[in-house]
Amino acid sequence: MSNLSTESFVIQEDQGSSLWQDAWIKLSKNRLALFGLAVLVSLIVISLLTPLIAPYGYEEQNLDMGATAPSLQHWLGTDIFGRDMLTRIMYGGRVSLMVGFIATAVALVIGILWGAIAGFYGGRLDAIMMRIVDVLYALPFMIFIILLMVVFGRNILLLFLAIGAVEWLTMARIVRSQVMSLRNQEFVEAAHSLGLSQWTIIRRHLIPNTLGPVIVYTTLTIPSVMLLEAFLSFLGLGIQPPESSWGLLINYGVETMEEFPWLLIFPGIALSLTLFALNFLGDGLRDALDPRTSKD
Amino acid sequence: MYRFALGRLLQAIPVLLMVITVTFFLVHSAPGGPFSADKAVPPEVIKALEEQYNLNQPVWKQYFSYLGDVVQGDFGPSFKYSGRTVNELIAAGLPITAELAFYAMLVALIVGISAGVAAAIRPNTLQDYLPMTGAMIGICMPSFLLGPLLVLVFGIYLDWLPVSGWGDLPGDKILPSITLGTGYAAYIARLSRGGMLEVLSQDYIRTARAKGLSERLIIVKHALRGGLIPVVAFLGPAFAGLLAGSFVVETIFQIPGLGRFYVQAAFNRDYTLILGMTIFLSTLIILFNLLSDMLAIWLNPKLRHEIEGAK
């Protein structure tokens, strides 16, 4: 029996890999998406290596020097405390990316489980679970996140949870509709007849098959999460000093933009470029992975 | 249609009740009382204050009395602006925020729809790529970055427009409206391009062309109505976004509207003001979502028949 089950799984994986190959060929023809992927990969690498490659220490300051324009020693200039902007932006990017990834991961886990369970069991459980999603959709979450940050203090962990709690709703809907269309197919029936438990079927056979749309939506969720974090940090309700993020750097940049515009412009470029890259990558992945929306 | 609208309106009631309940208990579970920020205040004063604001009663009693007040549209006094009620503060800020949101929406609709339709008429040409790249930049340029940059260029370097205020100097409404509207113009451009592309490939458009109608007439009279349905459905969420965006824009341009009050209330820990404004803004957003859904259904005969047939 176990032999049979591995065999059926292998066949399925073969079909899956050809889908991925297809997708990769399509994606590699899309230059904007490749550019997005390149930016994303280099950002991740830079973030991981920041403590090693940053030109100055995070807390290093030079009050006598103060704010200086970009120069050979300080490529992106220094802020009013004489801190190197390139270093600040690199460390800020670590936080911004981390919020983007972790909050998206929270949303992914909740959304996938919720959607898969609702879609798999159907019936009354599905009705109740999706009704909850509908109700939550109607809530103005931006306001609620601000409220949460006010009530419980501006805590980075809470920020992850609050943003993740907002973003899982769409994911749950996507996964549910996928699972519903999959659950009556023959390979699921075969898994049932092999005596696999329902949880194993959901975990090993249904969730992996929803990955395409999930990956697309994840790529598009990361920039929207990063934007939300920057928005809150800009208002002073997100990341708190001494931690730093791009939103917070933009906030500081605005205060002194009249005399030292580069303090606003460089973190702004970093944030916009990242959002740009991720959105292009997401669009490209959607074209590559979702046959329904592919052009022509 | 009316029955459907009524049904949706009734569904909004439990949502609103949940908003009130969750907000109330969240705010009341906040660590530290609302007066704990003040310097050493004598206990008698705190007691008097608590009595004044009904804080000496058990929480559930406070909840029900608050609920009763809210149903009658009374959000109570503000903690920090002594002598002013939350209602007064909302009444002072609402017209300003409404005007800002209106202008921003106007910018978004005019720029967004013209760009999207222009792109859809000649897909995969320069007339498509230029506005769509512009839209992508608009989406990736958040208001808290765009606003300061506009101020820097048009307010400080060129000195053409005032850098802050609302209705004090001529032209001071231009920059905030553009700042708030741009992001939505970008979304609307993408939505209207998608909607128009789909409609333009339909049979009834081919029929119109076969009849020999002018291209302008086809677009304006036949295609726009169907092509803009996604835009109409987006108006509800866009409105919610505009309110959140007004937090930032009103802070940047120092505009005394609802958004600025909300952010200040958040910093001042003005619990009654936050509570009242959360409930007020949520109600607005839920109502606007409802309205834009209704409008989208009314515009789309297919959906309308589905609903009327389902009765």
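Modeller: A nonpolar core is a set of buried Ala, Val, Leu, Ile, Met, Phe, Trp, Tyr and Cys residues joined through C-beta atoms within 7 Å. A residue is buried if 20 or more other C-beta atoms, placed from the backbone, lie within 10 Å of its own, exposed if 12 or fewer, and partly exposed in between. The present model is predicted: local features need pLDDT of at least 70 and side-chain atom pairs count only at pLDDT 80 or more, whereas totals for chains, interfaces and linings use all residues. Residues are numbered from 1 along each chain as its sequence is written, while chains are lettered from A and ligands numbered from 1 in the order in which they are written.

Biologist: How many residues has the largest nonpolar core, and which of them have the most contacts inside it?

Modeller: The largest nonpolar core has 154 residues. Those with the most contacts inside this core are A:Ile145, A:Ile146, A:Ile163, A:Phe231 and A:Ile250 from chain A, together with B:Ile188 and B:Ile274 from chain B. Helix H10 of chain B, residues 229–252, gives the most to the core, with 15 residues.

Biologist: With which residues is A:Ile163 in contact, leaving aside its neighbours within four places in sequence?

Modeller: Two residues are in contact if their C-beta atoms, placed from the backbone, lie within 7 Å. With those sequence neighbours left aside, A:Ile163 is in contact with A:Ala103, A:Ile145, A:Val225, A:Leu228 and A:Glu229. A:Ile145 also appears among the residues with the most contacts inside the core.

Biologist: How many helices and strands are there in chain A, and how many in chain B?

Modeller: Helices (H or I, at least four residues) and strands (E, at least two) are DSSP runs, numbered from the N terminus. Chain A holds eleven helices and zero strands, and chain B holds 13 helices and zero strands. In chain A, 43% of the 296 residues count as buried; in chain B, buried residues make up 38% of 311. Among contacts with a separation of 6 or more, residues 24 or more positions apart account for 69% in chain A and for 72% in chain B. The C-alpha trace of chain B spans about 85 × 60 × 30 Å along its principal axes.

Biologist: How many residues of chain A are in contact with chain B, and which helix supplies the largest share of that side?

Modeller: On chain A, 28 residues are in contact with 32 residues of chain B. Helices H4 (123–138), H5 (141–152), H9 (211–235), H10 (246–255) and H11 (262–289) of chain A each supply at least two residues of the side that touches chain B. The largest share, seven residues, comes from H11(A). By class, this side of chain A has 24 nonpolar, three polar and one charged residues. Ala, Val, Leu, Ile, Met, Phe, Trp, Tyr, Cys and Pro count as nonpolar, Asp, Glu, Lys and Arg as charged, and the others, Gly among them, as polar.

Biologist: At what angle do H10(A) and H11(A) pack, and how far apart are their axes?

Modeller: Axes are lines fitted to C-alpha atoms, for helices over the stretch in contact, and angles run from 0 to 180 degrees between N-to-C directions. H10(A) and H11(A) pack at an angle of about 155°, with their axes 8 Å apart, and are therefore roughly antiparallel to each other. Angles under 35 degrees count as roughly parallel, over 145 as roughly antiparallel, 65 to 115 as roughly perpendicular and the rest as oblique. The contact includes A:Trp246, A:Ile250 and A:Val254 of H10(A), and A:Leu264, A:Pro267 and A:Leu271 of H11(A). The residues of this contact divide into ten nonpolar, two polar and no charged.

Biologist: How do H2(A) and H3(A) pack?

Modeller: Helix H2 (residues 31–53) and helix H3 (residues 85–121) of chain A pack at an angle of about 115°, with their axes 9 Å apart. H2(A) and H3(A) are therefore roughly perpendicular to each other. A:Leu43, A:Ile46, A:Ser47 and A:Thr50 of H2(A) make the contact with A:Met90, A:Tyr91, A:Gly93, A:Arg94 and A:Leu97 of H3(A). Here the division is five nonpolar, three polar and one charged.

Biologist: Where is B:Asn124 found, and is B:Asn124 buried or exposed?

Modeller: B:Asn124 is found in the loop between H4 and helix H5 (126–140) of chain B. Its phi is near 60°, a positive value in a residue other than glycine. B:Asn124 is exposed, because 10 other C-beta atoms lie within 10 Å. B:Gln254, likewise not a glycine, has a positive phi of about 50° and is found in the loop between H10 and helix H11 (258–268) of chain B. B:Gln254 is exposed, with 12 other C-beta atoms within 10 Å.

Biologist: Where in chain B is the place of B:Ser114?

Modeller: B:Ser114 is in helix H4 (residues 86–121) of chain B. B:Ser114 is partly exposed, since it has 15 other C-beta atoms within 10 Å. The C-alpha atoms of B:Ser114 and B:Ala189 are separated by 7.5 Å, although these residues are 75 residues apart along the chain.
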